[in-house]
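Look at the sequence and the model shown here, and keep both in view while reading. The paragraphs that follow start from one residue and then move out to the sheet, the whole chain and the pockets.

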Amino acid sequence: MKRLLTIAIMVFSVLFLQAQKALIDKGNEYFNQYSYDLAKDYYEKALPSISAKEDLAKVNYQLGFCYKQLGNTDKSEMYFRVAVKNYVRGVIKPDVLLFYADALRMNGKYEDAIDYYKQYLKYAPQDHRAKSGMESCKIVPTWISRPTRYKVTNVSKFNTPQADFSIVWASKDYRTVYFTSSREGSQGSRDNYKSGQKFTDIFEVTQDRKGTWSS
């Protein structure tokens, strides 16, 4: 009976590891195709069963990069933090320090970001990305302490959580604008697997005489 139990455990372990590897391999397949929205799902399914330090470093690095590309700085920071903690030279690149610093900066953690930019610059002293990132971390607190007369306001009537960009005036009276967006309502039958959103379309909104924007 004991022997049968041992064999059953061994078989289960082999099947478990095979299932884990299949998830990671599928995630890698989509990752290499730049389909980050699909890749992250497979990595996240595999993650709870990973114990090896090298695998933890690599999968968390890939997940952090997926969320970096998808614009989710909170999750990007979270996964890059684990990747840095389990860093194994030769398994993942030192740029994990750069990406982690970027995520910290985007989340307003400037002092922590500077520390990791400095660590990364030991590996790549001439990398302008780290230098620029570190400089911005030093400048932003100064800007915050010395506000200007200008105020940035969210035009919530037509701004969305999706990507809205490249806005231009579309009429001589400055009451109509065109802009690009990946919001719901964009044409097309499927999502962009790289961004996790719709493929972009051009939208138009108009402001009435009372200053109210149309849909």
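In which strand is the place of S166? The residue sits in strand β1. The model is a predicted one, and all values below are computed from it. S166 is not a glycine, yet its phi is positive, at about 55 degrees. The strand that holds S166, β1, covers residues 164-169, and it is a convenient place to begin on the sheet.

Three strands make up an open sheet, in the order β1-β2-β5, and the pairing in it is antiparallel. The edge strands are β1 and β5, the latter covering residues 201-206. Each of these two pairs on one side only. Averaged over the sheet, and with direction ignored, neighbouring strands are turned by 25 degrees against each other. As a general point, the strands of a sheet pair through backbone hydrogen bonds, and the pairing is either parallel or antiparallel. A second general point is that side chains in a regular strand alternate between the two faces of the sheet.

Now take the pairs of strands in turn. Strand β2 consists of residues 176-181, and its antiparallel pairing with β1 runs over four bridges. Two partners can be found in the model: V168 has Y178 in β2 as its bridge partner, and D164 has S181 in β2. On the other side of the order β1-β2-β5, the antiparallel pairing of β2 with β5 runs over six bridges. One of the partners here is T206 in β5, which is the bridge partner of T176.

How many of the six residues of β2 are buried? Five of them are, so β2 is largely enclosed by the rest of the structure. Buried here means under 20% relative accessible area. In the protein, buried residues make up 33% of the 215 residues.

The hairpin of β1 and β2 has six residues between its strands. Y174 is found in this loop between β1 and β2. Like S166, which has a positive phi of about 55 degrees, Y174 is not a glycine and has a positive phi, here of about 60 degrees. Is Y174 buried or exposed? Its relative accessibility is 52%, and the cut-off for exposed is over 50%, so Y174 counts as exposed.

Next, step back to the whole chain. The secondary structure of the protein comes to seven helices and five strands. Read from the N terminus, the order of elements is α-α-α-α-α-α-α-β-β-β-β-β. The C-alpha trace spans about 85 × 45 × 25 Å along the principal axes of the protein. What is the radius of gyration of the protein? It is 23 Å, while a compact globule of 215 residues would have a value near 17 Å.

The helices lead to the largest pocket. Its volume is about 220 Å³. It is lined by 13 residues, and those that lie nearest its centre are F31, Y61, Q62, F65 and K93. The elements giving two or more residues to this lining are α1 (2-32), α3 (53-70) and α5 (95-106). Which element gives the largest share of the lining? That is α3, with four residues. By type, the lining of the largest pocket divides into eight nonpolar, two polar and three charged residues.

Y61, one of the residues nearest the centre of this pocket, lies in helix α3. Its relative accessibility is 10%, and the cut-off for buried is under 20%, so Y61 counts as buried. Y61 and V96 are 35 residues apart along the chain, and their C-alpha atoms are separated by 6.9 Å.

The second largest pocket has a volume of about 160 Å³. Its lining includes D37 and L70, together with residues further along the chain, among them P161, S182 and K198. This lining divides into two nonpolar, five polar and four charged residues. For the largest pocket, the division was eight nonpolar, two polar and three charged.

Notes
Residues are numbered from 1 along each chain as its sequence is written. This is a predicted model: local features need pLDDT of at least 70, side-chain atom pairs count only at pLDDT 80 or more; totals for chains, interfaces and linings use all residues. Side-chain values use heavy atoms; hydrogens and water are left out. On a 1 Å grid over the protein atoms alone, a cavity is a set of points where a 1.4 Å probe fits but cannot get out, and a pocket is an open set with protein on both sides within 12 Å along at least five of seven lines; lining residues have an atom within 4 Å of a point. Grid points are joined across faces, edges and corners, and a volume is the space filled by probe spheres set on the points. Ala, Val, Leu, Ile, Met, Phe, Trp, Tyr, Cys and Pro count as nonpolar, Asp, Glu, Lys and Arg as charged, and the others, Gly among them, as polar. Two strands pair if DSSP finds at least two bridges between them. Axes are lines fitted to C-alpha atoms, for helices over the stretch in contact, and angles run from 0 to 180 degrees between N-to-C directions. The radius of gyration is taken over C-alpha atoms; the globule rule is 2.2 Å times the number of residues to the power 0.38. Buried means under 20% relative accessible area, exposed over 50%, partly exposed in between (1.4 Å probe, protein chains only).
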